[in-house]
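Thank you all for making time this morning. I would like to walk you through one structure, slowly enough that nobody needs to have seen it before.

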Amino acid sequence: MNISDRNARFREIRDKVESGTRLTLDDGIFLYDPQVPLQEVGELANYVREQKNGNVGYFNINTHLNPTNVCVYRCRFCAFRSDLRDPKGYAMSDEQILDRGREATENGCTEMHIVGGLHHQRPYEWYRHIIELLHDNYPQIHLKGWTAVEINWFEFQTKKSIQWVLEDLRDAGLGSMPGGGAEIFHPEVRDQLCEHKANTHAWLEIHKTAHEIGLRTNCTMLYGHVENAYHRIDHLLRLRELQDQTGGFQVFIPLAFHPENTKLSNLKKPSALMDLRTMAVSRLMLDNVQHIKAYWIMLGIETAQTALAYGADDIDGTVRHELIYHDAGATTPEFLSVDKIKDLISETGREPVERDTVYRRVHRDPNDFTKWRSGEPVETALVS
Ligand code: V47
């Protein structure tokens with residue numbers, strides 16, 4: 001395509017975005033063409049970001065818990081998993097899990113992000129017990145736990161329906177579900193990455209059921225490995241379609257592949273330019289998802305900050321005990337202090353706002369940081 005045709009095509013897309021017309025598969029693939037200046041795609045995504053979320057940069061105070069790394073699956077992109085008999089394999093005791101709850105409370109965390117491997121010898125009841133144990137002892141902490149891959153495994157273990165499993169976990173104290181396990185939905189890619197684990201249909205069906213029973217969930221896409229632009233846009237459109245039906249996704253998180261210590265270690269990590277383009281294209285395609293998260297652990301701090309001008313409005317949290325990315329070579333710090341994360345957001349010219357997992361404003365006791373309550377939905381605060 002020559003420059004004037006390319007400019008005309010970009011103007012057409014800009015007009016669509018400005019008039020609230022949906023972008024198509026072809027539009028999305030065009031925006032991934034390196035000939036289309038990243039700056040222009042970013043500017044358009046920033047327009048949408050500011051329309052939806054103003055000048056705010058959201059963060060939360062959170063911690064991670066990975067109760068086991070032992071996993072029956074062998075996803076080629078995963079550096080975290082372990083075989084059952086590998087010395088690296090672990091499964092946490094109740095005491096260790098409770099210690100994490102205590103530490104989270106002492107640090108003012110509002111959220112615990114819980115995911116792990118599918119352990120060959122641990123029944124569904126163990127995974128349920130972890131939720132119940134934490135919820136009974138630390139009821140204020142929101143438990144965002146178990147991806148659709150785990151839910152699919154629980155269905156298999158219990159021989160019950162998705163709805164039964166989700167309701168049972170909710171009764172135990174589950175607050176919402178993270179967006180992991182989505183990878184790339186297109187079978188040309190999924191079959192190469194993780195052919196045995198929850199397939200695309202199962203992933204979407206589980207999130208649909210969660211939304212139907214009132215559980216909010218997140219969604220992700222793992223990019224920068226063997227997929228191409230067509231696979232990425234196809235993935236985003238499948239998420240957009242489900243969101244049209246249910247409205248239950250709160251935030252989309254593009255996840256950049258980290259190759260170290262994985263079966264795909266021959267690949268190069270995606271560049272910062274690719275990260276920013278993916279952030280911007282995601283913002284433009286997912287017109288019905290309110291938030292886009294720049295997960296600093298995986299992007300690196302500078303790229304996550306820049307992403308706040310390329311469509312993202314959220315930077316995830318202070319984070320503690322993250323293992324999945326650090327096992328795969330992430331060189332980002334283990335956690336950020338609250339002051340640091342606020343400074344990083346302020347440095348970009350955005351207003352830092354602490355949110356809880358389901359995007360309500362968090363109000364803290366000025367005299368005791370560890371005492372807090374969730375207030376109004378962040379969108380209400382934006383309007384007023
Ligand atoms: O599903 C695993 C990805 C996901 C690697 O919901 C890898 O708020 C890159 O889903 N390189 C888990 N990616 C993380 C996740 C997540 C993270 C932050 C916030 C939320 C949320 C969800 O991480 C996996 C997989 O897609 N992953 N290994 C790797 N080597």
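I will begin with the surroundings of the ligand and then turn to the strands.

Please keep in mind throughout that what you have in front of you is a predicted model. In this model the ligand is surrounded by 20 residues, and the closest of them are Pro 178, Gly 180, Asn 218, His 258 and Ala 328. Two elements give two or more residues each to this shell, namely β5, which covers 217-223, and β6, which covers 249-256. Which of the elements supplies the largest share of the shell? That is β5, with three residues. As for the character of the shell, eleven of its residues are nonpolar, seven are polar and two are charged.

Let me move on to the open sheet, which has three strands in the order β8-β1-β9, paired in parallel. Its edge strands are β8, at 314-317, and β9, at 351-354, and each of these pairs on one side only. On average, if direction is ignored, neighbouring strands of this sheet are turned by 25 degrees against each other. Looking at one pair in detail, β1, residues 56-60, is joined to β8 over two bridges in the parallel sense, and here Tyr 58 has Asp 314 in β8 as its bridge partner.

Finally, there is a hairpin, formed by β10 and β11 with two residues between them. These strands, residues 360-365 and residues 368-377, run antiparallel and are joined by five bridges; if you would like a place to look, find His 363, whose bridge partner in β11 is Arg 373.

Conventions:
Residues are numbered from 1 along each chain as its sequence is written. This is a predicted model: local features need pLDDT of at least 70, side-chain atom pairs count only at pLDDT 80 or more; totals for chains, interfaces and linings use all residues. A residue is near a molecule or strand if its C-beta atom, placed from the backbone, lies within 6 Å of it. Helices (H or I, at least four residues) and strands (E, at least two) are DSSP runs, numbered from the N terminus. Ala, Val, Leu, Ile, Met, Phe, Trp, Tyr, Cys and Pro count as nonpolar, Asp, Glu, Lys and Arg as charged, and the others, Gly among them, as polar. Two strands pair if DSSP finds at least two bridges between them. Axes are lines fitted to C-alpha atoms, for helices over the stretch in contact, and angles run from 0 to 180 degrees between N-to-C directions.
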